[in-house]
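Student: I should like to be introduced to this structure through a few questions. May we begin with the structure itself?

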Amino acid sequence: MFPPINKEEFLNLSNLEKIGWAYDSQDMNREAVARVMTVQKNSYRISDGNIEYLAHLSGKFLNQVTDSLNFPAVGDWVDVHKLQDEQKAVVNRVLPRKSQFVRQAAGTKVEAQMVAANMDIVLIVSSLNHDLNERRMERYLLSAYESGATPVIVLTKKDECAADEVADVMARVEEVAIGVPVVAISNVTCDGIDDLMAHLPAGQTAVLLGSSGVGKSTLVNTLLDRAVQETKDIRAADSKGRHTTTHRELFVLPNGALLIDTPGMRELQLWEGESSMDSAFSDVETFERECKFNDCRHDTEPGCRVREALENGELSEERFQSYRKLQRELAFERRKQDQRAYLEEKNRWKKLKKQRQDHDHFLKKRR
Ligand SMILES: Nc1nc2c(ncn2[C@@H]2O[C@H](COP(=O)(O)OP(=O)(O)OP(=O)(O)O)[C@@H](O)[C@H]2O)c(=O)[nH]1
Ligand SMILES: [Zn+2]
């Protein structure tokens with residue numbers, strides 16, 4: 001799918017390109033550009049592909065910023081003033097993003113939080129040895145499309161499944177993810193890792209998304225393996241060992257692709273409000289389950305347990321109303337998501353068709 005890049009070509013890339021730089025603007029001062037590798041409490045680790053700097057936001061930035069989404073996130077490109085000798089820098093501005101992952105904080109107030117920026121690919125990770133949750137897969141796909149990046153589905157723990165089981169799950173995934181590449185891998189045997197690498201070309205940035213325990217950290221290690229081995233060798237050579245305390249969130253893979261793995265991304269769940277509502281309103285839901293009709297609207301239906309609870313004071317009117325309100329908001333969010341997904345899908349097909357036409361045209365011309 002992507003032209004493979006060989007080591008020599010990679011070495012010829014500029015420092016910025018090695019960490020994923022793909023802006024075509026000519027008037028940008030490349031000397032003043034860096035990428036955010038890690039977000040710390042009040043500072044950032046940034047890199048220009050050659051040197052890493054500890055960066056802070058400029059006073060002007062802090063004065064002007066109005067929205068939490070405008071703060072730098074892992075993967076962001078920033079306009080900086082470097083203090084080369086001290087390996088420190090001041091961030092003046094965040095460059096326009098190509099894509100972004102925003103996390104919706106739970107609760108009724110819509111409070112968004114930046115998770116990662118400027119990724120080209122979203123690796124949706126799911127494991128083969130657990131029941132496939134198609135709805136969750138769909139939600140991950142939606143959030144991938146919504147972010148502006150391209151999804152690739154990675155099914156882990158291939159070593160724990162028979163070939164026909166693998167084929168079965170892959171077919172089911174392909175049904176919910178029409179046209180999305182699906183790769184089955186094992187972190188134990190490394191089976192399928194080459195297939196996966198074919199979707200991670202040099203200079204492109206991928207981010208990991210998936211539930212706990214599916215093997216994301218293990219996959220990072222598998223993909224980094226060679227690089228990690230190399231650092232181990234360096235450490236062994238230098239007798240004291242070098243202790244790097246900073247936790248990295250953006251990695252350069254041995255083939256030149258970039259990988260973002262942040263805690264924020266791990267916690268990311270679409271419609272977080274929905275799952276937290278489940279626990280926050282479990283009392284209302286218990287009554288709801290005892291209603292005579294499954295689709296009871298708790299209005300004038302006979303045998304409505306919710307009405308009964310409201311009348312005898314087991315449930316307060318206020319609490320019931322806030323539950324209603326949250327439900328309406330979630331229903332609205334869902335419709336919005338569905339509409340957006342539909343448009344995205346339509347657009348994607350249009351683009352794919354165009355790409356195919358261009359490709360056919362190109363082949364014809366070559367003949
Ligand atoms: N057999 C097998 N086990 C795997 C594979 N990948 C990961 N595991 C195991 O699955 C468990 C969970 O893996 P993690 O990498 O910690 O999962 P994670 O997705 O990072 O989980 P969180 O950190 O909770 O988000 C570990 O015990 C791994 O050793 C695989 O391909 N095959
Ligand atoms: Zn009812």
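Student: Which helix gives the largest share of the shell around ligand 1?

Tutor: This is a predicted model, in which local features need pLDDT of at least 70 and side-chain atom pairs pLDDT 80 or more, while totals for chains, interfaces and linings use all residues. Residues are numbered from 1 along each chain as its sequence is written, and chains are lettered from A and ligands numbered from 1 in the order in which they are written. Among the residues that come nearest to ligand 1 are K216, S217 and T218; a residue is near if its C-beta atom, placed from the backbone, lies within 6 Å. The largest share of the shell, three residues, comes from helix 7 (residues 216-237), helices being DSSP runs of H or I with at least four residues.

Student: Why does H298 count as buried or exposed?

Tutor: H298 lies in the loop between helix 10 (282-289) and helix 11 (305-311). A residue is buried if 20 or more other C-beta atoms, placed from the backbone, lie within 10 Å of its own, exposed if 12 or fewer, and partly exposed in between. Because H298 has 20 other C-beta atoms within 10 Å, H298 is buried.

Student: Which residues does C304 touch, not counting those up to four places away in sequence?

Tutor: C304 is also in the loop between helix 10 and helix 11. Contact requires C-beta atoms, placed from the backbone, within 7 Å. By that rule, C304 touches C291, K292, C296 and H298.

Technical notes. Helices (H or I, at least four residues) and strands (E, at least two) are DSSP runs, numbered from the N terminus. Two residues are in contact if their C-beta atoms, placed from the backbone, lie within 7 Å.
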